[in-house]
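Hi there,

Here is the structure I promised to pass on. Have a look at it first, and then read on for what I found.

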Amino acid sequence: MKGKLILEDGTVFHGKLLNNIKATGEVVFNTGMTGYQESLTDPSYCRQILTLTYPMVGNYGIADLFMQSRKSFVNGFIIGELCEVGSNWHYETSLADFLTKQGVPCLYDVDTRAVTRKIRSAGTMKGIIVPEDAAKTEIDELFAVPIKKDVVMEVTTPETYTMEAESADAPHVVAMDFGVKQNILKSLHDLGCKLTVVPAHTTAEEVLALSPDGIFLSNGPGDPADVPEIVEEIKKLIGKKPIFGICLGHQLLARSFGAKTYKLKFGHRGCNQPVKNLLTGRVQISSQNHGYAVDEESLKDLPLEVTHINVNDGTVEGMRHKDLPIFSVQYHPEASPGPDDNMYLFDQFWTMLKGE
Amino acid sequence: MPKKENLKKVMVVGSGPIIIGQAAEFDYAGSQACRSLKEEGLEVVLVNSNPATIMTDSHIADRVYIEPLTPEFLEEIISKERPDGLLATLGGQAGLNLAVQLAERGVLEKYGVELLGTPLEAIEKAEDREMFKETMQKLGEPIPESTIVEDVPSAVEFANEIGYPVIVRPAYTMGGTGGGIAENEEELIDIVIKGLNYSMIGQVLIERSVAGWKEIEYEVMRDGNDNCITVCNMENFDPVGVHTGDSIVVAPSQTLTDHEYQMLRSASLRIIRELGIEGGCNAQYALDPNSNKYYVIEVNPRVSRSSALASKATGYPIAKVSAKIAIGYTLDEITNAVTQKTKACFEPALDYCVVKFPRWPFDKFVYADRTLGTQMKATGEVMSIDRHFEGAILKAVRSLEIGVHRLHMDKMDAWDDDRVKKNLARINDERIFVIAEALRRGIATVDEIHAITKIDKWFIHKIKNITDVETTLTSEPLTPKHMLAAKNVGLADVSIAEITGKSVDEIRTTRKSMGILPSYKMVDTCAAEFEAATPYYYSTFRAEQDEVQTSNARKVIVLGSGPIRIGQGVEFDYCSVHSVWALREMGIEAIIINNNPETVSTDFDISDRLYFEPLTTEDVLNIIDKEKPEGVIVQFGGQTAINLAASLQKAGVKVFGTSVDDIDRAEDRERFDEVLTQTQIPRPQGISVTNLEDAITGAANIGYPVMVRPSYVLGGRAMEIVYNEDELRDYMSRAVKVTPDHPVLVDRYMQGTEVEVDGISDGVDVVIPGIMEHVERAGVHSGDSIAVYPPQTLPSKVIYTIIDYTKRLAVALHVKGLLNIQFVVADGEVYIIEVNPRSSRTVPFLSKVTDVKMVNLATRIAMGSTLKELGYKSGLVPPKPYVAVKAPVFSFAKMTDVDIALGPEMKSTGEVMGIDYHYARALYKAIIGSGTNVPTKGCVLFTVADKDKEEMKQLAKAFSELDFQIAATEGTAKTIQSMGIDVEIVGKVHERSSDIIERIKSGKINMVINTLTQGKHSLKDGFKIRRATVEHDIACLTSLDTAWEVLRVLSFMRERRLVYSLAIQDYVGGGDGLA
């Protein structure tokens, strides 16, 4: 059936609606050409309406192997062509079936380039997905639905769980799950770590009680300013153990030192963002998904230094503590989707864990 | 300023003539590199033997040498210019090989020249089979297991070790004969026995076969600081087994998961780092469609054909960035030319689908083997862009200009289902059409077609989407819904018209009234994430928003020339680009439409706006509706653009330059006869016949030999010279279908000197920049002849007549721009053969050697200026004191089964130029530059037709006097003996099975002079001899005229210094004149 995306400012984009499920959310775009399943199941997109700029989606279907979390947390999915018949040896089910099963509202046959151009110039904004003939009252109601702020609580693991290491004397890492992607856990585990994944609301005391060799602060959705209670706990962890943060974890870490974060106009979402390592002068291509960034100015008088910047817009992409074994990056070294140029960061964490 | 501060002067090596496998993409790469180096303030010295290119324009480099690409000439130029650096990785394999040779000969060291970009060791590591194997093993990157064996048991043992199927490739055979794929031991033994026989050195290579796997390519960049990025990846529609140059290719990959995409991307980065490449590089993989297993098939340590494609597909200028890297910049220091905001250190994100489709020469080489395999056969390619695969593939098909506008070939309508099914298994240029036909008829499912072809089901499903819509259109009325569905799968109006039985005009009007119009989108490297400055667009029917901002300025559309094919090469791109530049100089916005990714014209910073679209009436009219230009210029885009003139005019579009009616007066035989009568210019006597009897009577009246050609080409050899009635009967039955609608033209064949002229006219005055005399007498296609500027043998009376006729014709045809005329001079009389009121193949050559900006003038005239206003007077521009020779270059080594004998049908793929103050040296340069292997001693074999024997006698004598041994077949030998010359008689091929062939194989014959003899045996024999010369790289001259000129060169070689070079700037500037 016919459907449409209506943006807060009244702009309308037309398409076809899968399963007649309506949606409200913050409309963002991702420029990756592959990895639609990884993005769909990346908890960082929680409560957002995800638009893909690549116009043909579903080409290789869906496979359990590529799930980044237990389900898709997106509030809506806007794409060009919805490929009906996927083809790949990994293929288990079609994208359409997956979306249906997950209850993800999907508007397809949309001019997603037009949507992207709009967001690029006007900034990220609220939008709704409705049937073409939706009544005005219905539209108003959907716009009236507030976008939930406690997104971290929605995506975090409800319970603590452990991933055992092969060797008995493996370093133990406690991963604070703010919406962690599976491939981060896998990457840490592949290093040889024993992992304990704890819910976002776990206190510093509880974390330390697990006597970890290092602490990992995960990626996750939303505005870092919305979770001051987590920042308070992180403060208590500083100086106790080596810490590695990714994405939201990086922002929360910065805030725990008193740095500021701010909202980017339309964020960085894609697999092609160049990041310069200021320590080596080398540039790596990174996978990114974030709408907020750490304010470089606010780091000035703190014991933190910027280690990575974005080559396109100069924003902070990584930092480290001047004295302590603490570092974090804004982007996703675990890829999935995206390039694995930055796996070296996991090795760096490993070195810290080993106390080398 | 370059980052490497020691660099002041850099030498760039081009790729030479266009051959199959090395085409216009290197003109694009080289031009971009030169401009990129110049903008850094470097002095650029360019060497390239190909005059048809933009890169050899005198404003592209400070010093342009149009000289043979041999180490000797390069050393001469280096010794003279003393460059600080040499950039060779943008000149294709030719450039790379030269760099290696110069380094090996110590030339670079001797003159202190730094090899820029990728270091020599990296080149060797990628190119040397053993070193490559070692490097990949060290990295843990798998390459297909292979070994060389000399007996059957070793082959079997190895195959058992690695598993079947295996590929068997005999070493050193003619045209790769004797190889094959073995699925089991029995087949292997059979193939190896044959292969060992075929191989001249008794060796065969056994390699794991990955035929049927997915073929994936990555374009990778690396800088001196070890930053690496991939520009794009590409997936071949055709699985491994078909050369990537002959494959339909999509970008980005469509059927790879993110995991597979990243796996191969990471492998590419590991490889480029390990090799140490600085600049662009291309890596090809075979990916198992059923596991994560892959093999590295090939790595090209340089800018390649795929790089040009990737640049156009993404907007990322690989050649430009490679050049900057070569002079010391790192990727994060180089600005992204598209966004002007971001840096070159990023990976382009595409939000569209790109399809590349090869253009094969099988329309010209109708007897060639159309099977596609490991040897590339395409001469060119087209690229198309849409938001979805269906649209892109159909645009590509329309762009090919092979007489189809959808995935349907008329001839297959006559095939029964069985034949269609059988053809699914044939891997040739028509496979995709067969697949569509099978789907259309519903005689094979997607799964069945996949099982036969191994083409990924995703692609087959997409084709089915198209044929399904076609089927609906045949049975249901054309409602807005169906019209939209048709446009949404990319069907052209003409296709919808064909399917529904309506007229194209009707479809177009209906469609527009339904509000179904295309939108135009931008190619911006970043999927709209950043605002971009590139005026590079494509159309799509599946979009809501059109983002092209048109302006109200004066604007004109220049139509490009489409894919490179035999007869329409890079010359026409040269002309289109110059026309665009002329318009921009005049302050008029220039918009170009073209679909060839290899060319300079489709570089996004050439025109004010580039539309990457098919050159068909609908696609062009859609852009005209959008842009509303003052008009279009058609005279520079070859026949492609000329063919659109009438339909565009009919649609109300203003065609600038010579009018459509006058073009028709030149092209239509009867109307042209009227022009000739009116201007009192003679042409060889001829008639148009509609049946065999008339042809026989007519030919008898005219007198044999006659030149015959169809007004309608059926698929046979189109044009032939026939010497008697039997041959005429044979031709009429074999090559043409003669009906009242399709007459055959019978003309007197005049065995005279052919002369070619390019002129510029405003309809009143006519400027003739130069006259070119052909070495080969009339009967050899002008594109295959050696052309000499200025004429060396024509009396002034003839020249005056030619000037006079040219003026008369230009005025009579009201030419507004360029015209090209071919004359034949016989017994002192000048006859006209044909007039083309448009740019020609010789325009770049002539522009360069005469320094007349021909296209610029022609564009200004087309826009309303006069020659007087432009400061030109009527008449011939005084000839220069130097001589320039244009020689054809063929790609026969790539096309087995093609006869190399020169004739009225064009066969060359490219050309080179030799320029010098001495005619013989200019000729030497042209012949050496063309790659002809001229021997300085040894044995020359003569085998000629009876009609040529008298003339051949003198030639044999002359060769004998130069101490060549002479060999000949019996009849020819008798004639030679009559001159008292020692001659060895060799048996004809069919008499003593392989005498001549054996001698050629074993190097006992060093050159062959052979003219075409009619008759069953002779034709076959001659063919075998000629093909043997190709396989063994021996010069074979099929025209006595060429032979005489080679002889002249050989004499000259004994007396004079051969290697002497001047830049084109020196010649036209008159400097260093009497050296």
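Before the tour, one thing to try by eye: is B:Glu834 buried, partly exposed or exposed? Please keep in mind that this is a predicted model.

B:Glu834 turns out to be partly exposed, because 14 other C-beta atoms lie within 10 Å, and the cut-offs are 20 or more for buried and 12 or fewer for exposed. I picked this residue since UniProt, in an unreviewed entry, lists B:Glu834 and B:Asn836 under "binding site". B:Glu834 lies in strand 32 (residues 829-836) of chain B, and B:Asn836 is in strand 32 as well. B:Asn836, however, is buried, with 20 other C-beta atoms within 10 Å. Leaving aside neighbours within four places in sequence, B:Asn836 is in contact with B:Ala666, B:Leu819 and B:Asn820.

**The annotated sites in chain A**

For chain A, the unreviewed UniProt entry gives "active site" at A:Cys247, A:His332 and A:Glu334. These residues span 88 residues in sequence, yet no two of their C-alpha atoms are more than 11.3 Å apart, so they gather at one spot.

A:His332 sits in the loop between strand 19 (326-329) and helix 10 (344-353) of chain A, and A:Glu334 is placed in the loop between strand 19 and helix 10 too. A:His332 counts as buried, with 28 C-beta neighbours inside 10 Å. A:Glu334 is also buried, with 24 other C-beta atoms within 10 Å. Not counting residues up to four places away in sequence, A:His332 touches A:Asn219, A:Ile246, A:Cys247, A:Ser286, A:Ser287, A:Gln288, A:Asn289 and A:Gly338. On the same basis, A:Glu334 touches A:Lys181, A:Asn183, A:Ile184 and A:Ser187.

UniProt also lists a "binding site" in chain A, again from an unreviewed entry: A:Ser44, A:Gly220, A:Gly222, A:Leu248, A:Gln251, A:Asn289, A:Gly291 and A:Tyr292. Although they span 249 residues in sequence, no two of their C-alpha atoms are more than 13.2 Å apart, so they gather at one spot.

Two of these are worth a look:

- A:Asn289 is in strand 16 (residues 283-294) of chain A and is buried, with 29 other C-beta atoms within 10 Å. Beyond four places in sequence, A:Asn289 is in contact with A:Asp42, A:Ser44, A:Cys247, A:Arg269 and A:His332. A:Cys247 and A:His332 carry the "active site" label, while A:Ser44 is on the "binding site" list.
- A:Gly220 lies in the loop between strand 13 (214-217) and helix 8 (228-237) of chain A and is buried, with 30 other C-beta atoms within 10 Å. Among its contacts more than four places away in sequence are A:Ser44 and A:Leu248, both on the "binding site" list.

**Where the chains meet**

Between the two chains, 42 residues of chain A are in contact with 45 residues of chain B. On the side of chain A that touches chain B, strand 2 (12-18), helix 3 (112-122), strand 15 (261-277) and strand 16 each supply at least two residues. Helix 3 gives the most, with five residues. By type, the residues on this side of chain A divide into 17 nonpolar, 16 polar and nine charged.

**Chain B: a sheet, a hairpin and a helix**

Seven strands of chain B form an open sheet with mixed pairing, in the order 17-18-21-20-19-22-23. Strand 17 (519-522) and strand 23 (655-656) stand at the edges with a single partner strand each, so one side of each is left without a neighbour in the sheet. Strand 20 (residues 589-594) and strand 21 (residues 609-612) run parallel and are joined by four bridges; B:Ile591 has B:Arg609 as its bridge partner. Helix 21 (residues 617-627) lies across strands 17, 18, 19, 20 and 21, running at about 170° to strand 19.

Elsewhere in chain B, strand 13 (residues 279-287) and strand 14 (residues 294-300) pair in the antiparallel sense over six bridges. A hairpin joins them through six residues, and B:Ala286 has B:Tyr295 as its bridge partner.

Finally, helix 35 (residues 1040-1055) of chain B has 16 residues and reaches 23 Å from its first C-alpha to its last, close to the 22 Å expected. Its buried residues include B:Val1046, B:Leu1047 and B:Leu1050, and what covers the buried residues includes helix 30, helix 31, strand 39 and strand 40 of chain B.

Best wishes

Methods. Residues are numbered from 1 along each chain as its sequence is written. Chains are lettered from A and ligands numbered from 1 in the order in which they are written. This is a predicted model: local features need pLDDT of at least 70, side-chain atom pairs count only at pLDDT 80 or more; totals for chains, interfaces and linings use all residues. UniProt positions are given in the numbering used here, feature names are shortened, and annotations may be inferred rather than shown by experiment. Two residues are in contact if their C-beta atoms, placed from the backbone, lie within 7 Å. Ala, Val, Leu, Ile, Met, Phe, Trp, Tyr, Cys and Pro count as nonpolar, Asp, Glu, Lys and Arg as charged, and the others, Gly among them, as polar. Two strands pair if DSSP finds at least two bridges between them. Axes are lines fitted to C-alpha atoms, for helices over the stretch in contact, and angles run from 0 to 180 degrees between N-to-C directions. The expected span of a helix is 1.5 Å times one less than its number of residues.
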